[in-house]
Structure formats: structure tokens, C-alpha cells
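Got the viewer open? Let's take a walk through this one, selection by selection.

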Amino acid sequence: MNRVVTVGVVDSGFSRDQAQTVDCAAAFVVDSEMLVQREAQYDCVQHGTAVIRAIATTAPAARLAVAQVFTERFTTTPSQVAAAIHWLLDQRVDLINLSLGLRADRPVLQAACAAAAAAGIPLCAATPARGDPVFPAAYPGVLRMTGDARCAETEWSCLETRYADFGAFVRSSDGRVAGASIGTGYLSGHISAYLATGGAADVDSIRRYLRENACYFGAERRTG
């Protein structure tokens, strides 16, 4: 019998029609230079909505805990993301999806990721397939996820490059969002499905599962 898996999603929220899959939600905003927690609002930029749809494609039974860290613009801060991670740990999620990447390396964010590692909660974070590192994907122990144009919705790739660990389907169902953020969502869905069937939840076991069941190996080679 499959167990229920709860995915923590740090993003722009969720849509009204996704509310039935969300067990809890909170917003983390900066107001007058102070970080405060507020009631989450429905997603107005549709990024989180697209990521949740990607997760649900391969893990339709997964439950969600949603931490909203940006609303009208695709900008957030390390302190907001760190607060979101700590809150999700309190909600006892099984893994955390971070379809975002920050250029700034800050102790507060690194400490939050270390807390997740200490609690045994895997972090799946977006990273560019090529280019400068982003955070939290660049922290030790974080699963670095990206998009891979070779992959169908049910497939993923084992990259193991200097930039990323794994890749997956790159485009949202409505075609409005594409790239590493969507690939991260699909990979969180694949991991959720694995955990639901009794897969070991530690990061090393998840890496082994993804490596052994990948459809493609090595970096995507672009031709033109």
C-alpha cells in the first residue's frame, strides 16, 4: 500500500483549483524591512501553479505544503526562502521543492538548508544547466535539478556535471513556463512517486534511484 507523501513547495503559491491538494500554506514577506509571516494568497503570477502541476503529473496523490515567497514579481530574498524552509520543516514534509535560484550566498539560507539536511528532508533546487552556480542548489547535499529537452514527462536524465545532477521535462502543461524550474518540479514528482512506494528517503538513496532509473546519461548535447 502506498504511503502519503507531502511535498513542500517554496514558490509563488497555488491556484484556486489546486487548493484541494494543499494541506497548509503561509506567505513570507518583507514589510518595512522586517520579515513577517502572513496568510498565503492565490498565485497571481502562475509560476508556483505550473510547478505544482509538474509535481502532480507523476505524483498525483502527493499532498502539498506551500510556502509563498514571491507574489507579483519573480524576486525574493535569502531570508524569505530560509524562513520558508524552516516553516516547512515544522510541517513535517517529506521533501522540499525549490524551483528558484538566488545569486547571493547568505549564512541564513545555508543554515536553513543545513537544518533540512539534519532533519533528513531532501531539498530539490533549480540550477541552470550551464553557467554560474545559484543557491540553494550550490550547497552541499542539495539535489541540483534542471531541465533536459531530451526528456518526456515520464523520463529524467542523470547529468552529474559541474552544473547539475539531474534533468527532466522542461515545459509546463500550458507552455507558459519552461526551464530548470519546471524540470525541478517534475523531478520532485518522480521522487515523490518513489517515496510513496516505500523508497528510502535519504539523499544518497534518492540519488541512487534516480541514477539507476534515468533514461539519459551525461550532459544534453545541443546541435543546430
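Before the first stop, a word on angles: axes are lines fitted to C-alpha atoms, for helices over the stretch in contact, and angles run from 0 to 180 degrees between N-to-C directions. Also keep in mind that this is a predicted model.

**Stop 1: the sheet**

Start by colouring the strands. You should find an open sheet of ten strands with mixed pairing, in the order β3-β2-β4-β1-β5-β6-β7-β9-β8-β10. Which strands stand at the edges? They are β3 (34-38) and β10 (216-217); each has a single partner strand, so one side of each is left without a neighbour in the sheet.

Strands of a sheet pair through backbone hydrogen bonds, either parallel or antiparallel. You can look at one case of each here. Pick β5 and β6 for the parallel one, where three bridges join the two strands. Within that pair, Leu98 stands opposite Ala125 of β6. For the antiparallel one, select β8 (residues 156-158) and β9 (residues 166-168), which also pair over three bridges. Ser157 has Gly167 of β9 as its bridge partner.

Stay with the sheet and select 123-126, which is β6. In a regular strand the side chains alternate between the two faces of the sheet. Show the side chains and check: Leu123 and Ala125 point one way, Cys124 and Ala126 point the other way, and all of them are buried.

**Stop 2: α2 and α3**

Now bring up 78-90 and 107-118, helices α2 and α3. Their axes are 8 Å apart and the packing angle is about 20°. That makes α2 roughly parallel to α3, because angles under 35 degrees count that way. The crossing is left-handed.

To see who touches whom, show Pro78, Ser79, Val81, Ala82, Ile85, His86 and Leu89 on the α2 side, with Val108, Leu109, Ala112, Cys113, Ala115 and Ala116 on the α3 side. Sorted by class, the contact of α2 with α3 has eleven nonpolar residues, two polar and no charged ones.

Keep α2 on screen and add the strands back. α2 lies across β1 (6-11), β2 (22-31), β3, β4 (63-68) and β5 (95-98), and runs at about 155° to β2.

**Stop 3: α1 against α4**

Next selection: 47-58, helix α1, together with α4. The two axes come within 7 Å and cross at roughly 35°. This crossing is right-handed.

From α1, the contact takes in His47, Ala50, Val51, Ala54, Ile55, Thr57 and Thr58. From α4 come Ser181, Ile182, Gly185, Tyr186, Ser188, Gly189, His190 and Ala193. What is the class make-up of the contact of α1 with α4? It divides into seven nonpolar, eight polar and no charged residues.

**Stop 4: α4 against α5**

Leave α4 (residues 180-196) visible and add 203-212, which is α5. α4 and α5 pack at an angle of about 105°, with their axes 11 Å apart. That makes α4 roughly perpendicular to α5. The contact is made by Leu187, His190, Ile191 and Tyr194 of α4 and by Ser205, Ile206, Tyr209 and Leu210 of α5. By class that contact has six nonpolar, two polar and no charged residues.

On α5 itself, Ser205, Ile206, Arg207 and Leu210 are buried. The buried residues of α5 pack against β7, β8, β9 and α4.

Zoom in on Ile191, a residue of α4. Is Ile191 buried or exposed? At 0% relative accessibility, Ile191 counts as buried. Leaving aside neighbours within four places in sequence, its contacts are Leu95, Cys124, Leu143, Met145, Ile206 and Leu210. If you want a distance to check, Ile191 and Ala201 are ten residues apart in sequence and 9.0 Å apart in space, C-alpha to C-alpha.

**Stop 5: Asp148**

For the last selection, go to the loop between β7 and β8 and pick Asp148. Asp148 is buried, with a relative accessible area of 1%. Set aside neighbours within four places in sequence, and Asp148 is in contact with Ser157, Leu159, Gly167, Ala168, Phe169, Val170 and Glu220. Ser157 and Gly167 are the bridge partners from the first stop. Finally, draw a C-alpha to C-alpha line from Asp148 to Gly183: 35 residues apart in sequence, 7.2 Å apart in space.

How values were computed
Residues are numbered from 1 along each chain as its sequence is written. This is a predicted model: local features need pLDDT of at least 70, side-chain atom pairs count only at pLDDT 80 or more; totals for chains, interfaces and linings use all residues. Side-chain values use heavy atoms; hydrogens and water are left out. Helices (H or I, at least four residues) and strands (E, at least two) are DSSP runs, numbered from the N terminus. Angles under 35 degrees count as roughly parallel, over 145 as roughly antiparallel, 65 to 115 as roughly perpendicular and the rest as oblique. A crossing is left-handed if the near helix is turned anticlockwise from the far one by less than a right angle, and right-handed if clockwise. Contact means heavy atoms within 4.5 Å. Ala, Val, Leu, Ile, Met, Phe, Trp, Tyr, Cys and Pro count as nonpolar, Asp, Glu, Lys and Arg as charged, and the others, Gly among them, as polar. Two strands pair if DSSP finds at least two bridges between them. Buried means under 20% relative accessible area, exposed over 50%, partly exposed in between (1.4 Å probe, protein chains only).
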